[in-house]
Amino acid sequence: MAAVVDLEPCSCLPVGGVHILAVGWLGASSPIPTGPTPKDVYQRLKEFLVNPWQPFVSMGVHECELCQFEGEAVGNANLFIPYDQRIYVCPAMISHYINAHRYQPPSVFMEAVRACPPMHSMEYKKLLVQCNGRILWQDGTS
Ligand SMILES: [Zn+2]
């Protein structure tokens, strides 16, 4: 998994844009912001990860590069969190990073997670569209 600095445009997807921002794309060789993350944010992320909305088919698993010995393996899903004209994209591994490695996501991302409607709800889809998210389920050419 390629590391991307938090809140930089996400280069890990088949499509992208200046408003599609990476959160939690951590790697072993880059510095990791650490600190407390409020439990409600963590739990909300876990809820989203039960059945995340996925515009792309992603197979296989990632193995955590930060674990000391055997890396925790987590499915390849990503979370798309629309908020304030931007869409934050994080890997499913983010909950493990927070729980096991004390990763602290940017505060704007925590706000976005708290404000995000349930995935698969009409509200969520509308918010994605409002945040210019159509690019995610088209191929980006139209
Ligand atoms: Zn780990």
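**A zinc site, a sheet and a buried helix**

Let me begin with helix H2, whose buried residues pack against H1, E5 and H3; here buried means under 20% relative accessible area, exposed means over 50%, and partly exposed lies in between, with a 1.4 Å probe and protein chains only. The names H and E stand for DSSP runs numbered from the N terminus, helices being H or I runs of at least four residues and strands being E runs of at least two. I should say early that this is a predicted model, in which local features need pLDDT of at least 70 and side-chain atom pairs count only at pLDDT 80 or more, while totals for chains, interfaces and linings use all residues. Residues are numbered from 1 along each chain as its sequence is written, and side-chain values use heavy atoms, with hydrogens and water left out.

Staying with H2, six of its eight residues are buried, so the helix is largely enclosed by the rest of the structure. Those buried residues are Ile94, Ser95, His96, Tyr97, Ile98 and His101, and just after the helix Arg102 takes a positive phi of about 55°.

Two of these names return at the metal. The zinc ion is coordinated by Cys64 through SG, Cys67 through SG, His96 through NE2 and His101 through NE2, at 2.0 to 2.3 Å, where donors are N, O and S atoms within 2.8 Å of the metal (3.2 Å for Na, K and Ca). Along the chain the donors follow the spacing C-x2-C-x28-H-x4-H. The arrangement is tetrahedral because the four donor atoms subtend angles of 102 to 120°, and four donors count as tetrahedral if all angles lie between 85 and 135 degrees. Cys64 itself counts as buried, because its relative accessibility is 5%.

Now to the sheet. How are its strands ordered? The sheet is open, has three strands in the order E1-E5-E4, and shows mixed pairing, two strands being paired if DSSP finds at least two bridges between them. E1 and E4 stand at the edges with a single partner strand each, so one side of each has no neighbour in the sheet. E4 and E5 run antiparallel and are joined by six bridges, and Ile81 stands opposite Tyr88 in E5. The two strands form a hairpin with two residues between them, and Asp84 in the turn has a positive phi of about 50°. E4 is also mostly covered, since five of its six residues are buried.

That leads to the largest nonpolar core, which has 43 residues, and in which Phe80, Ile81, Phe109 and Leu136 have the most contacts; such a core is a set of buried Ala, Val, Leu, Ile, Met, Phe, Trp, Tyr and Cys residues joined through side-chain atoms within 4.5 Å. Among the elements that give two or more residues to this core are strand E4 (78–83), strand E5 (86–91) and helix H2 (94–101). Leaving aside neighbours within four places in sequence, Phe80 is in contact with residues including Trp53, Phe56, Tyr88 and Leu136, contact meaning heavy atoms within 4.5 Å.

Finally, Ala3 lies in the segment before E1 and is partly exposed, with a relative accessible area of 43%.

Note on methods
Four donors count as tetrahedral if all angles lie between 85 and 135 degrees; four count as square planar and six as octahedral if opposite donors are over 155 degrees apart and all others between 65 and 115; anything else is irregular.
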